[in-house]
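User: I would like to learn how to read a model like this one, feature by feature. Could we begin with contacts between charged side chains?

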Amino acid sequence: MRHRFLLLSVAIAATAPAAWSVPAQARKFLDVADAQAVAFPGAKFTPQHFTLDRDQVARIIGDSRAPVINNDVKVWKVSDGGWFFLDQVYGLDDRITYALALDERGAVKHIEILECAEGYESVRDQEWLSGFYGARYSTT
């Protein structure tokens, strides 16, 4: 599953400016449990959280050219064989908290924006987000 969860991070971070401004007021749309229920209705989630070491962080930054905000990775194994990730990336004015659901093959199944700065709700546009569905990250 090497770095597959960075797919959306790279896409969002690539549009962010080099210097971020003062954080704006954040707007929360969903909590983690709600996002899990949307992505995998009726499934059970088993935490598989882990902490990235210095070498892993360096590889992620090198592969994605995006910063790692937190070394603690929040991931759950889903009872249907999929995976559910919770992550943050820098947006234009603040951090964006999002959830990424991968199916059992490692392909993007669903993306939910849980929290972002007020005024940037368009990042939640499901038509735009659905463009990532089915994508798989590969290092080869």
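User: How many salt bridges does the structure hold, and which side chains meet in one?

Analyst: This is a predicted model, and the structure holds 1 salt bridge. The side chains that meet in it are those of D103 and R105, with 2.8 Å from N to O. It is also worth looking at the surroundings of the acidic partner, since D103 counts as buried at 12% relative accessibility.

User: What is the overall order of helices and strands in the protein chain?

Analyst: Along the sequence the pattern reads α-β-α-β-β-α-β-β-β-β-α, which comprises 4 helices and 7 strands. Of the 140 residues in the protein chain, 38% are buried. Among contacts between residues at least 6 apart in sequence, 60% join residues at least 24 apart.

User: How should I read a helix that has buried residues, and which residues of α2 are buried?

Analyst: The general idea is that an α-helix has 3.6 residues a turn, so residues three or four places apart point the same way. In helix α2, which spans residues 32–39, the buried residues are A35, Q36 and A39. They lie on the same side of α2 because they cover an arc of only 100° around the axis. At the start of α2, a side-chain oxygen of D31 comes to within 3.3 Å of the backbone nitrogen of A33.

User: What does the side chain of S64 reach, and is S64 buried or exposed?

Analyst: S64 belongs to helix α3, residues 54–64, and its side chain reaches the backbone oxygen of I60 at 2.7 Å. With a relative accessible area of 10%, S64 is buried. R65, by contrast, sits in the loop between α3 and β4 and is exposed, with a relative accessible area of 77%. The backbone of R65 also deserves attention, because its phi is near 55°, a positive value in a residue other than glycine, and this residue is exposed.

User: Turning to strands, how do β5 and β6 run relative to each other, parallel or antiparallel?

Analyst: As background, in a regular strand the side chains alternate between the two faces of the sheet. Strands β5 (residues 83–90) and β6 run antiparallel and are joined by 8 bridges, and they form a hairpin with 4 residues between them. As one pair to locate in the viewer, L86 has A99 in β6 as its bridge partner. Strand β6, residues 95–102, is mostly covered, with 7 of its 8 residues buried.

User: How far apart are the C-alpha atoms of V73 and D87?

Analyst: Although V73 and D87 are 14 residues apart along the chain, their C-alpha atoms are separated by 7.4 Å. V73 is placed in strand β4, residues 72–78, and is buried, with a relative accessible area of 6%.

User: How should I think about a nonpolar core, and which residues have the most contacts inside the largest one?

Analyst: In soluble globular proteins, nonpolar side chains tend to be buried together. Here the largest nonpolar core has 17 residues, and those with the most contacts inside it are F85, L100, L102 and I113. At least two residues of this core come from each of α3, β4, β5, β6 and β7 (108–117). Another core, of 10 residues, lies apart from it and includes A35, W76, V78 and F84. A35 therefore links back to the earlier helix, being one of the buried residues of α2 that lie on the same side of α2.

How values were computed
Residues are numbered from 1 along each chain as its sequence is written. This is a predicted model: local features need pLDDT of at least 70, side-chain atom pairs count only at pLDDT 80 or more; totals for chains, interfaces and linings use all residues. Side-chain values use heavy atoms; hydrogens and water are left out. Buried means under 20% relative accessible area, exposed over 50%, partly exposed in between (1.4 Å probe, protein chains only). Two strands pair if DSSP finds at least two bridges between them. The arc is that of the directions from the helix axis to the C-beta atoms. A polar contact is a pair of N or O atoms within 3.5 Å; within protein, one must be able to donate a hydrogen and the other to accept it, and residues adjacent in sequence count only if both atoms are side-chain atoms. A salt bridge is a side-chain nitrogen of Lys or Arg within 4 Å of a carboxyl oxygen of Asp or Glu. A nonpolar core is a set of buried Ala, Val, Leu, Ile, Met, Phe, Trp, Tyr and Cys residues joined through side-chain atoms within 4.5 Å. Contact means heavy atoms within 4.5 Å.
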